[in-house]
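Good morning, and thank you for joining. I would like to take you through one model, beginning with a single pair of side chains and widening the view from there.

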Amino acid sequence: MSSEEFEKLHEIYRSLYDELKLMPERVLKSHGEERKRLVRTFDERQGEAEEVLQGMEDELRGAPTSHRNAMSTKLRLYRRDLGKLQRDMKNTAPGFGSSFQPVEGSHHGIYASQNQQSTHLQSQRTLLLQGTESLNNASQSIERSQRIANETEHIGTDIIEELGEQREQLDRTRNRLVNTGENLSRSRKILRAMARRLVTNKLLLGVIILMELAILGAVIYLKFFRK
């Protein structure tokens with residue numbers, strides 16, 4: 001949205017203005033080369049501020065109607081403040097005013113070095129936009145990584161739960177096998193006992209048969225052969 005770009009330019013302007021408003025007093029306290037350096041710096045920064053204001057005015061044309069009045073008022077105040085700083089610098093550094101052009105009421109109050117400054121500011125804006133885009137890409141990448149991490153965590157949780165269920169099933173199966181083994185052991189003991197009783201019964205039956213045969217033989221002997 002244009003209003004968002006306007007706010008970005010507003011932040012850039014505020015940074016430039018905060019630097020500019022300290023310079024008249026610093027120029028007043030300085031001398032010689034230091035004063036010239038500060039004047040040149042003021043010249044450069046004001047050119048950059050003018051470019052930013054021009055950019056804000058361009059954004060104003062495409063801004064939503066609901067934001068346009070507030071943005072327009074803010075822009076007029078910024079031009080007025082910048083014009084006041086220009087006059088303060090003229091009063092502080094006599095003879096310097098020839099390097100300035102009027103600010104108020106002008107949309108293109110740029111210095112003679114406007115093209116170079118415009119290129120410099122455009123480069124800064126491009127770098128800022130590239131940095132913002134890189135941050136957005138990094139944020140999106142982090143969000144994707146977080147989503148993947150969350151999905152991985154959910155998958156891991158599901159796997160752990162499934163493994164827990166499988167472990168419970170294995171424990172139950174193991175318990176059933178243990179019980180089955182115990183039942184088989186008891187069954188083997190019962191079968192062995194039954195086998196022993198069967199052998200015993202067979203032996204007893206054999207003894208009884210032998211005793212009956214002996215008795216029968218004795219009865220026959222006594223009845224038929226002994227007189």
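Let me start with a salt bridge between the side chains of Glu 48 and Arg 45, where nitrogen and oxygen lie 3.7 Å apart. Please bear in mind throughout that this is a predicted model. Both Glu 48 and Arg 45 belong to helix 3, which spans residues 32–61, and they sit 3 residues apart, about one turn of the helix. Is Glu 48 buried or exposed? Glu 48 counts as buried, because its relative accessibility is 6%, under the 20% that sets the limit for that class. The pair is also part of a wider arrangement: Glu 19, Glu 44, Arg 45 and Glu 48 are linked in a network of salt bridges. Across the structure there are 13 salt bridges.

I turn next to Arg 79. This residue forms a salt bridge with Glu 50, and the closest N and O atoms are 3.4 Å apart. Here the link is between distant parts of the chain: Arg 79 lies in helix 4, residues 65–92, and Glu 50 in helix 3, with their positions 29 residues apart in the numbering. Arg 79 has a relative accessible area of 7% and is therefore classed as buried. Glu 50, at 0%, is buried as well.

Arg 79 has another acidic partner to consider. Its side chain meets that of Glu 57 in a salt bridge, at 3.3 Å from N to O. This pair, too, links distant parts of the chain, with Arg 79 in helix 4 and Glu 57 in helix 3, 22 residues apart. Both Arg 79 and Glu 57 are buried.

Let us now step back to the overall fold. How many helices and strands are there in the protein? There are 5 helices and 0 strands, and from the N terminus on the elements run α-α-α-α-α. The protein has 227 residues, of which 24% count as buried. Among contacts with a separation of 6 or more, 69% are between residues 24 or more positions apart.

Two further positions illustrate the packing of the N-terminal part of the numbering. Leu 38 is found in helix 3, and its relative accessible area of 3% is why it is classed as buried. Which residues does Leu 38 touch, leaving aside those up to four places away in sequence? They are Met 23, Arg 26, Val 27 and Ser 30. For one of these, Val 27, the C-alpha atom is 6.3 Å from that of Leu 38, at a sequence separation of 11 residues.

The other position is Lys 21, in the loop between helix 1 (2–20) and helix 2 (23–29). Its relative accessibility of 43% means that Lys 21 counts as partly exposed. From Lys 21 to Asp 88 the C-alpha distance is 9.3 Å, although the two residues are 67 residues apart in sequence.

I will finish with the surface. The protein exposes about 16400 Å², and carbon and sulfur atoms supply 57% of that area. Three patches deserve attention.

The first to mention is negative in charge, and gathers Asp 158, Glu 161, Glu 162, Glu 165 and Glu 168 on the surface. Of these residues, Glu 162 may serve as an example: it lies in helix 5 and, at 45% relative accessibility, counts as partly exposed.

Next comes a patch of positive charge, in which Arg 186, Arg 188, Lys 189, Arg 192, Arg 196 and Arg 197 gather on the surface. Arg 197 lies in helix 5, which covers residues 114–225.

The remaining patch is nonpolar and has an area of about 1100 Å². Its members are Leu 205, Ile 209, Leu 210, Leu 213, Leu 216, Ile 220, Tyr 221, Leu 222, Phe 224 and Phe 225. Ile 220 has its place in helix 5. Why is Ile 220 counted as partly exposed? The reason is its relative accessibility of 38%, which falls between the 20% limit for buried and the 50% limit for exposed residues.

To close, I would return to Arg 79, whose salt bridges reach Glu 50 and Glu 57. I am glad to take questions.

Notes:
Residues numbered from 1 in each chain as written. Predicted model: local features only at pLDDT ≥ 70, side-chain atom pairs only at ≥ 80, totals over all residues. Heavy atoms only, no water. Patch = residues over 30% accessible without salt bridge, like charges linked within 9 Å, V, L, I, M, F, W, Y side chains within 5 Å. Areas by Shrake-Rupley, 256 points an atom, 1.4 Å probe, with all protein chains shown as cover. Salt bridge = Lys/Arg side-chain N within 4 Å of Asp/Glu carboxyl O. Lys, Arg positive; Asp, Glu negative; His and termini not counted. Charge placed at Lys NZ, Arg CZ, Asp CG, Glu CD. Helix = DSSP H or I, 4+ residues; strand = E, 2+ residues; numbered from the N terminus. Buried < 20%, exposed > 50% of the residue type's maximum accessible area, 1.4 Å probe, protein only. Contact = heavy atoms within 4.5 Å.
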